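Here's a quick look at the fold, the surface and the pocket in this one. Have the structure open while you read.

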Amino acid sequence: MAKVTVSLDAQLVVEVMVLAGVGSPQDAVELVVRDYIERGHRAEARIAARDEALRELDGKPRDQEG
């Protein structure tokens with residue numbers, strides 16, 4: 001896998017290291033990025049499930065009122 005080098009504010013990285021509970025700046029930032037991506041995938045899955053449920057409701061025949 002290709003690697004990318006990014007410069008970040010040291011204070012920001014130290015805070016991420018403390019919050020993530022890791023001693024390596026590389027590991028801390030990687031954990032944050034992976035978590036962000038996983039949250040995005042979970043959100044996409046929830047939206048897809050909701051949309052599917054709505055499509056199922058719209059596809060069912062409705063009782064006529066009157």
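The protein chain has 2 helices and 0 strands. Keep in mind that this is a predicted model. Helix H1 covers residues 10–20, and helix H2 takes in residues 25–59.

As for burial, buried residues account for just 6% of the 66 residues in the protein chain. The chain exposes about 6,400 Å², with carbon and sulfur atoms supplying 56% of that area.

Part of the surface is a nonpolar patch of about 410 Å², put together by Val4, Val6, Leu8 and Leu12. Leucine 12 sits in helix H1. Is leucine 12 buried, partly exposed or exposed? It counts as partly exposed, because its relative accessibility is 48% and that class runs between 20% and 50%.

Now for the largest pocket, whose volume comes to about 550 Å³. Its lining has 15 residues, and those nearest the pocket centre are Val4, Gln26, Val29, Glu30 and Val33. Val4 therefore turns up twice: it helps make the nonpolar patch and is also among the residues nearest the pocket centre. Which helix gives the largest share of the lining? That's helix H2, with 7 residues.

Here's how the lining of the largest pocket splits by residue class:

| Class in the lining | Count |
|---|---|
| Nonpolar | 10 residues |
| Polar | 2 residues |
| Charged | 3 residues |

To recap, you've got a chain with 2 helices, a nonpolar patch of about 410 Å² and a largest pocket of about 550 Å³.

Definitions and conventions: Residues are numbered from 1 along each chain as its sequence is written. This is a predicted model: local features need pLDDT of at least 70, side-chain atom pairs count only at pLDDT 80 or more; totals for chains, interfaces and linings use all residues. Side-chain values use heavy atoms; hydrogens and water are left out. Patches are made of residues with over 30% relative accessible area and no salt bridge: like charges are joined within 9 Å, nonpolar side chains (Val, Leu, Ile, Met, Phe, Trp, Tyr) within 5 Å. Accessible areas come from the Shrake-Rupley method with a 1.4 Å probe; for residues, only the protein chains shown count as cover. A salt bridge is a side-chain nitrogen of Lys or Arg within 4 Å of a carboxyl oxygen of Asp or Glu. Helices (H or I, at least four residues) and strands (E, at least two) are DSSP runs, numbered from the N terminus. Buried means under 20% relative accessible area, exposed over 50%, partly exposed in between (1.4 Å probe, protein chains only). On a 1 Å grid over the protein atoms alone, a cavity is a set of points where a 1.4 Å probe fits but cannot get out, and a pocket is an open set with protein on both sides within 12 Å along at least five of seven lines; lining residues have an atom within 4 Å of a point. Grid points are joined across faces, edges and corners, and a volume is the space filled by probe spheres set on the points. Ala, Val, Leu, Ile, Met, Phe, Trp, Tyr, Cys and Pro count as nonpolar, Asp, Glu, Lys and Arg as charged, and the others, Gly among them, as polar.
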